[in-house]
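Welcome, and thanks for taking a look at this one with us. Please have the sequence and the 3D view open side by side as you read the briefing below.

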Amino acid sequence: MLLLLGGVRHGLGMLAIQRAYLLSRSAHTLPQGLEYRPIKKVMVANRGEIAIRVFRACTELGIRTVAVYSEQDTGQMHRQKADEAYLIGKGLPPVAAYLHIPDIIKVAKENNVDAIHPGYGFLSERHDFAQACAEAGVRFIGPSPEVVRKMGDKVEARALAIQAGVPVVPGTDSPISSLQEAREFASTYGFPIIFKAAYGGGGRGMRVVREYEELEENYQRAFSEALAAFGNGALFVEKFIEKPRHIEVQILGDKYGNVIHLYERDCSIQRRHQKVVEIAPAAQLHPHLRDRLTSDSVSLAKKVGYENAGTVEFLVDRHGKHYFIEVNSRLQVEHTVTEEITDVDLVHAQLRVCEGRSLSELGLQQDKIRINGSAIQCRVTTEDPARGFQPDTGRLEVFRSAEGMGIRLDSASAFQGAVISPHYDSLLVKVIASGQDLPSAASKMLRALAEFRIRGVKTNIPFLQNVLSNHQFLYSTVDTQFIDENQDLFNLRRTQNRAQKLLHYLGHVMVNGPTTPIPVQAKPSSTDPVIPPVPMGEPPAGFREVLLKEGPAGFARAVRQHRGLLLMDTTFRDAHQSLLATRVRTHDLKKITPYVAHNFSKLFSVENWGGATFDVAMRFLWECPWRRLQELRALLPNVPFQMLLRGANAVGYTNYPDNAVFKFCEVAKENGMDVFRVFDSLNYLPNMLLGMDAAGSAGGVVEAAISYTGDVSDPARRKYTLDYYLQLAQELVKAGTHILAIKDMAGLLKPEASRLLVSALRDRFPEVPIHVHTHDTAGAGVAAMLACAEAGADIVDVAVDSMAGMTSQPSMGAIVACTKGTKYDTEISLEKVFDYSEYWEVTRGLYAPFDCTATMKSGNADVYENEIPGGQYTNLHFQAHSMGLGHKFKEVKKAYAEANKLLGDLIKVTPSSKIVGDLAQFMVQNTLSRAEVEERADELSFPLSVVEFLQGHIGIPHGGFPEPFRSKVLKSLPRMEGRPGASLPAMDFQKLEADLQATHGTNITPEDVMSAAMYPKVFQEFKEFTANFGPVDCLSTRLFLEGPKIAEEFEVELERGKTLHIKALALGDLNKAGQREVFFELNGQLRSVLVKDTLAMKEMHFHPKALKDVRGQVGAPMPGKVVEVKVKQGQRVEKGQPLCVLSAMKMETVVNSPLAGTVAKVYVKADSSLEGDDLILEISE
């Protein structure tokens, strides 16, 4: 024999040698009188992983393989794994191609195929296909056509089971032909009942009906599904057994009447009657019950003369009684677990039995079949458990599989770049884990599932992980209601997918430009700032230690008793709000924060939150403002934080219910906020008192701020006099403020006015700390703040030098230098200020597209005339340029002063300053003078902000509303009296949280709830952004704004110890879908993402998408084809009423109405192909 092998080695490969050896051996061992016919070429009349499974077995036995494929499967892996591959079903729908028997037989005959393996599904249980194979002289790897017919007809199989003495479930004796027959059966046996496809399995055409009202709809759906999946819509009806175990027995027969079993599998974990997890052997199955199940299975198989592999399926009720369901006359999807526990290769056995070998020849005697350990199979599918297991389609951008001891993978389409279509089953890969018992197998499976990285489509892996971690699954028994009764399985741990989402973001920026509006065409600097050295260890104690020990009142006393001038640093908020359009990112703030902690512990506080930074963080920087607060707090534990609270408006621009303001302050305090500077844009006392109460109730330091305007040193200015401010301060101190602040938002405090105001307040309130905030627009800020210090102020606001001046705060370095060695000494090192300033000087270059110096080269003393607040001055300058009014900015400033007079000379700070600014720009755009506006007030269409102000939406201004201007503008519009928020109903935070969880998943924090309460639409857009792109705050600012250059290499630190190495490789051409493929190298591996070119897509037609925030727009819950539209335009529909039927991956889904109303427009028709969220119809309430 060895000589023979040596002689043929030159003409045959090793597999052919193996085959020759098997043939020579079989000639000596074949039972006498029976013909052995070797198989040389096998076709698999199937696709996907089962086709590859059979090919591998054939290759191991030296058999040549042939694949067939549909037009939609030209890129599928199974055709590449075969020795030959041929197209079938040209011009046919995807599933119909694999059901086209003439084409399959033709390909087999033309290519000398000896045998056809049907796999599972498609034609595997069609007796006419087995018969066609026989008539064509091609062997069918399975039972005889007659046995396939008997077993495929579930009614006849049921009758045979009765004859064999196998118990069955009550049901119809033959397929029903009408809905009336189903009604009669239900009347006899009662509900629940179940429809089953008579000519197929796998959950297709299977529907449980629990009530009479559901009967007709489920009958139609079951019939339609069975027809689509198996080419025959025949159904039969059974009594539905509640909460059974689904146990199946693997059988194997040969041509000589021998039948053995290979023990059982537990397939009870099902969803929609489709198996999700399979186990072998069944856990905690009584030995006597096992014997009865296996004995009945073998008896039934012998009775019908069963040949080849098959499965006998049973239901086992809670009393241990078993009922025959059906025989699957084919290989099962879950055959793998049986192979793992018995060490029997079922596909090898199928092939050899088909060749004529007996079971004994194959060494398969019943007494030699033993159970060895336990095995679990998980079907990883492209379904989204969070959306009712809706099938997902798309391109696999990333696929990294598991491996290791005890893990087997059977897959087909699972590779990077594969396209998952809606045409076929959603199975992606079968994962099989083996261990000595069920818990050990489950631990291996959990480890394997955790190793998978699948990006581009949703999968059911998080759900499978929950199943495998479930105590009942591991240590008890499960039934078919396990998933329905364990809703905690749907508490899914969201995959982070950070790396791929970041690539999507970078690709989006490379294709479409920045995601945040850019005011001017300037490029971010390519130079990154250098962080000055930070000493090791904990930072020195600061004023926050006093606050934590002694509380707000003790903290205020310590501030008042402090010798020297205290500083608040606004660099982290108001400085960049004024100079850089509030665009500075947490990424750059975090870098310098440890330096501040170690070198500026003498600061009174750092202003880093609230005001415009809250919504801008979400709206333009795509980051969570709460996370910013949390991260900065962790890095700067020793210096108090201060925020800007707009009184009853919290951090918004509108009125909120009182409980929302209180809740906001509570959550802010819990997240590390210390000092709440409370103000109102009109100095409207009721609004301020509400904010003060909220901050105080939260345990914060209350710093009530008087918003300053006018000039107390000018006797001609009679509206906002010294007495006005003293009376307002009296009310604030009386209300219990811990600190009294002067908020000079426009920088109007001249040195003399500073001395007058601060000295008067100091005389009136000797025990209350005084804090002064200003802007340096006119250039006199340092002088004014020194005058305030001399007059008795305890704290003044500054910004680090490179972020100071102009519309920002006075220079920190200048104040430190000017007070050094005096009784106002700040005890801050000037050298440390220089290093701090150098960092920000370079950092500021990263924000060049937002820097006010792009259009404004200096401050201007005309602020004393127009009184424009510092932050608004910058924004108005940008807006004027963006609207083509840059050359008219002087006119805008003059108009601002005139608009202020029109509105009655307001305190101007957000949001009142915006109202004045809106009116000013309205006047310039329409070339209107103050006199013309007053004269035509009853006919002009004013900006909404102006109208709402006059209605009383933000409160009542000092001196009342301007008349007759107000009456002429409002005419008959309603007017609000008193505090605007007082009449608003309390906000229901529990309902809001529930709504957010329904929309965004269960991972909603109290901070998220507050963000949504303050800015519902902005928060919604922020969550949608992070769902698509993930947290982008780990990107450097230049990459965030303009993306990488081609061939640029860079690193991104996701978290400590996890760093991505990325290289941008190429930008692809536009495809037919309006997308460009962007190529990267990520950690040495090629990655690519498809990005929609928004500009190009405007010129291309696409099906509209349903908008999630529009209640009446109904979108496709999954990609698929429209089977039926059940309503028409103008029809009245009720909530829950079926609207249309979609089919995807051979499963039909009914789309129900989310609300009652009238169908306004239908956007689809039967056979329309839809992507996820494509608009189906609109309903008007």
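How many salt bridges does a search of the whole structure find? The search turns up 73 salt bridges. Please keep in mind that this is a predicted model. The protein has 1181 residues, and 59% of them count as buried.

**Overall layout**

- The protein contains 43 helices and 42 strands.
- Taken along the principal axes, the C-alpha atoms fill a box of roughly 125 × 70 × 55 Å.
- For a sense of scale, try Phe140 and Gly551, which are 411 residues apart in sequence and 85 Å apart in space, C-alpha to C-alpha.
- Phe140 sits in strand β5 (residues 139–140), and with a relative accessibility of 9% this residue counts as buried.
- Another pair to try is Gly1115 and Ala349: 766 residues separate them in sequence, and 49 Å separate their C-alpha atoms in space.
- Gly1115 belongs to strand β35 (residues 1113–1115) and counts as partly exposed, at 22% relative accessibility.

**Salt bridges**

- As a reminder, side chains of opposite charge can pair when their charged atoms come close.
- Glu1124 and Arg221 are joined by a salt bridge between their side chains, at 3.8 Å from N to O.
- Because Glu1124 is in strand β36 (residues 1120–1125) and Arg221 is in helix α11 (residues 215–230), this pair ties together parts that are 903 residues apart in sequence.
- The two partners fall into separate accessibility classes: Arg221 is buried, with a relative accessible area of 4%, whereas Glu1124 is partly exposed, at 31%.
- Asp615 and Arg619 also meet in a salt bridge through their side chains, with 3.0 Å from N to O.
- Both Asp615 and Arg619 belong to helix α23 (residues 612–619), where they are four residues apart, about one turn of the helix.
- Asp615 counts as buried because its relative accessibility is 3%, under the 20% cut-off; Arg619, at 30%, counts as partly exposed.
- Helix α42 (residues 1037–1042) holds both Arg1038 and Glu1042, again four residues apart and about one turn of the helix.
- The closest N and O atoms in the salt bridge of Arg1038 with Glu1042 are 3.8 Å apart, and Arg1038 is buried, with a relative accessible area of 12%.
- A network of salt bridges links Glu248, Arg265, Lys275, Glu278, Glu313, Glu334 and Arg379.

**Aromatic pairs**

- Across the whole structure, the search finds 37 aromatic pairs.
- One of them joins Tyr505 and Phe1025 in an edge-to-face arrangement, with 5.8 Å centre to centre and 70° between the planes.
- Tyr505 is in helix α19 (residues 498–512) and Phe1025 is in helix α41 (residues 1016–1029), so their pairing ties together parts that are 520 residues apart in sequence.
- Tyr505 counts as buried at 0% relative accessibility, and Phe1025 counts as buried at 7%.
- For a view of several rings together, select Trp609, Phe614, Trp626, Tyr653, Phe664 and Tyr1015, which ring pairs link into a cluster.

**Charged patches on the surface**

- Which residues gather in a patch of positive charge on the surface? They are Arg400, Arg453, Arg493 and Lys1058.
- Within this patch, Arg400 lies in strand β18 (residues 398–400) and counts as partly exposed, with 45% relative accessibility.
- A patch of negative charge on the surface is made up of Glu831, Asp835, Glu838 and Glu841.
- Glu838 is part of helix α31 (residues 830–846). Because its relative accessibility is 51%, over the 50% cut-off, Glu838 counts as exposed.

How values were computed. Residues are numbered from 1 along each chain as its sequence is written. This is a predicted model: local features need pLDDT of at least 70, side-chain atom pairs count only at pLDDT 80 or more; totals for chains, interfaces and linings use all residues. Side-chain values use heavy atoms; hydrogens and water are left out. Patches are made of residues with over 30% relative accessible area and no salt bridge: like charges are joined within 9 Å, nonpolar side chains (Val, Leu, Ile, Met, Phe, Trp, Tyr) within 5 Å. Accessible areas come from the Shrake-Rupley method with a 1.4 Å probe; for residues, only the protein chains shown count as cover. A salt bridge is a side-chain nitrogen of Lys or Arg within 4 Å of a carboxyl oxygen of Asp or Glu. Lys and Arg count as positive and Asp and Glu as negative; His and the chain ends are not counted. The place of a charge is taken as NZ of Lys, CZ of Arg, CG of Asp or CD of Glu. Helices (H or I, at least four residues) and strands (E, at least two) are DSSP runs, numbered from the N terminus. Buried means under 20% relative accessible area, exposed over 50%, partly exposed in between (1.4 Å probe, protein chains only). Rings of Phe, Tyr and Trp (its six-membered ring) pair if their centres lie within 6.5 Å; planes under 30 degrees apart count as stacked, over 60 as edge-to-face and the rest as tilted.
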